[in-house]
Amino acid sequence: MTTQILTKKVKIMQFVDPKNDLAFKKIFADETKKEILISLLNAILDFKGEDIIVDLNIINPYQAPKIPELKETILDIRAKDKSGTEFIVEMQKKDLGDFAKRSLYYTSKAYVSQLNRKGDYSKLNKVYFIGIVDFTMFESDDYISRHLILNKQTLKQDLKDFEFTFIELDKFDKDLKDLGTVLDKWIYFIKNATNLDMIPKEYESIEEFKEAFTIATQYNWNKKELEVYDYMRIKAWDEINALKTAERKGEARGMEKGMEKGMEKEKISIAKNLLDVLDDATISIKTGLDIQTIADMK
């Protein structure tokens with residue numbers, strides 16, 4: 001009797017990096033999969049009860065841009081719920097030093113653009129800004145921070161139309177086994193999906209996550225999308241390498257200038273000790289200082 005051993009083949013998957021601007025928008029701004037963005041927003045903003053978003057309209061849905069048009073392409077995500085409340089989600093990988101101000105600009109611009117020619121301020125709706133960044137912005141150890149406009153004395157939120165939430169990915173260090181909330185799972189997905197080779201069991205029971213992983217699977221992308229994705233990824237690497245090279249050159253120049261300054265101080269110290277022993281011309285020859293510099297020491 002022959003015993004047949006069956007082995008289950010595990011399908012290896014390759015996921016794009018959700019931190020890539022194009023990938024982020026493809027995953028979270030798909031009009032046919034709005035439940036993914038709704039789940040992300042509810043988790044990040046901690047909406048519960050009547051506040052929970054049940055439906056929304058994606059203002060700028062995903063479309064794969066052409067490489068020559070990337071400079072003119074806005075890759076953030078904007079959406080509105082039925083009440084008119086607007087949500088802006090921005091993924092930022094590089095620290096350009098002005099992200100906080102850009103956040104204020106995007107939010108205020110979205111707020112002002114709601115106003116019609118009649119100037120009916122009562123029609124203005126709340127704007128939430130969500131910034132997911134791959135660098136450190138604030139001193140706090142928490143990976144998520146919420147920013148409101150508060151009364152300095154009472155600490156009440158009297159001005160309620162602007163709210164900002166920032167997620168600093170480099171501060172999120174939870175492992176798969178430690179993911180206790182939907183928010184944890186979303187942040188882990190955004191930070192680590194590209195390093196996985198299958199959908200983790202921790203995600204299999206939630207439909208929105210299975211959809212997100214499916215969209216992030218590279219073999220589901222067409223040739224045009226992959227070309228733009230790779231172009232943006234290489235461009236990001238080039239910019240990082242250029243920055244590191246500039247930093248190294250700056251450090252080298254700083255060390256060189258420091259050494260030159262130290263040698264100059266040493267020459268001057270030697271020259272001062274020789275003033276009563278040798279003539280100016282000889283001191284100049286010995287130290288390399290010009291005669292006028294030596295004369296000025298007397």
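Among the contacts in the protein between residues at least 6 apart in sequence, 63% join residues that are at least 24 apart. The model described here is predicted. Of its 298 residues, 39% are buried. The accessible surface amounts to about 19100 Å², and carbon and sulfur atoms account for 52% of this area.

The protein contains 8 helices and 6 strands. Read from the N terminus, these elements follow the order α-α-β-β-β-α-β-β-β-α-α-α-α-α. The chain therefore opens with two helices, continues with three strands, one helice-type element and three further strands, and ends in a run of helices, as the order α-α-β-β-β-α-β-β-β-α-α-α-α-α shows.The strands are arranged in an open sheet. Within this sheet, the 6 strands lie in the order E1-E2-E3-E4-E6-E5, with mixed pairing. Strand E1 (56-58) and strand E5 (144-149) form the edges, since each of them pairs on one side only. On average, and with direction ignored, neighbouring strands of the sheet are turned by 20 degrees against each other. In general, the strands of a sheet pair through backbone hydrogen bonds, in either a parallel or an antiparallel manner. For strand E3 (residues 86-92) and strand E4 (residues 127-133), the pairing is parallel and extends over 7 bridges. In this pair of strands, Gln92 stands opposite Val133 in E4.

Helix H2 (residues 34-44) is largely enclosed by the rest of the structure, because 9 of its 11 residues are buried. The buried residues of H2 are Ile36, Leu37, Ile38, Ser39, Leu40, Leu41, Asn42, Ala43 and Ile44. After H2 comes Asp46, which has a positive phi, near 55 degrees.

A further buried position is found in helix H4 (residues 182-192), to which Asp184 belongs. The relative accessibility of Asp184 is 4%, and this residue therefore counts as buried, the cut-off for burial being under 20% relative accessible area. When neighbours within four places in sequence are left aside, Asp184 is in contact with Tyr143, Phe172, Lys174, Asp178 and Leu179.

Notes
Residues are numbered from 1 along each chain as its sequence is written. This is a predicted model: local features need pLDDT of at least 70, side-chain atom pairs count only at pLDDT 80 or more; totals for chains, interfaces and linings use all residues. Side-chain values use heavy atoms; hydrogens and water are left out. Helices (H or I, at least four residues) and strands (E, at least two) are DSSP runs, numbered from the N terminus. Buried means under 20% relative accessible area, exposed over 50%, partly exposed in between (1.4 Å probe, protein chains only). Contact means heavy atoms within 4.5 Å. Accessible areas come from the Shrake-Rupley method with a 1.4 Å probe; for residues, only the protein chains shown count as cover. Two strands pair if DSSP finds at least two bridges between them. Axes are lines fitted to C-alpha atoms, for helices over the stretch in contact, and angles run from 0 to 180 degrees between N-to-C directions.
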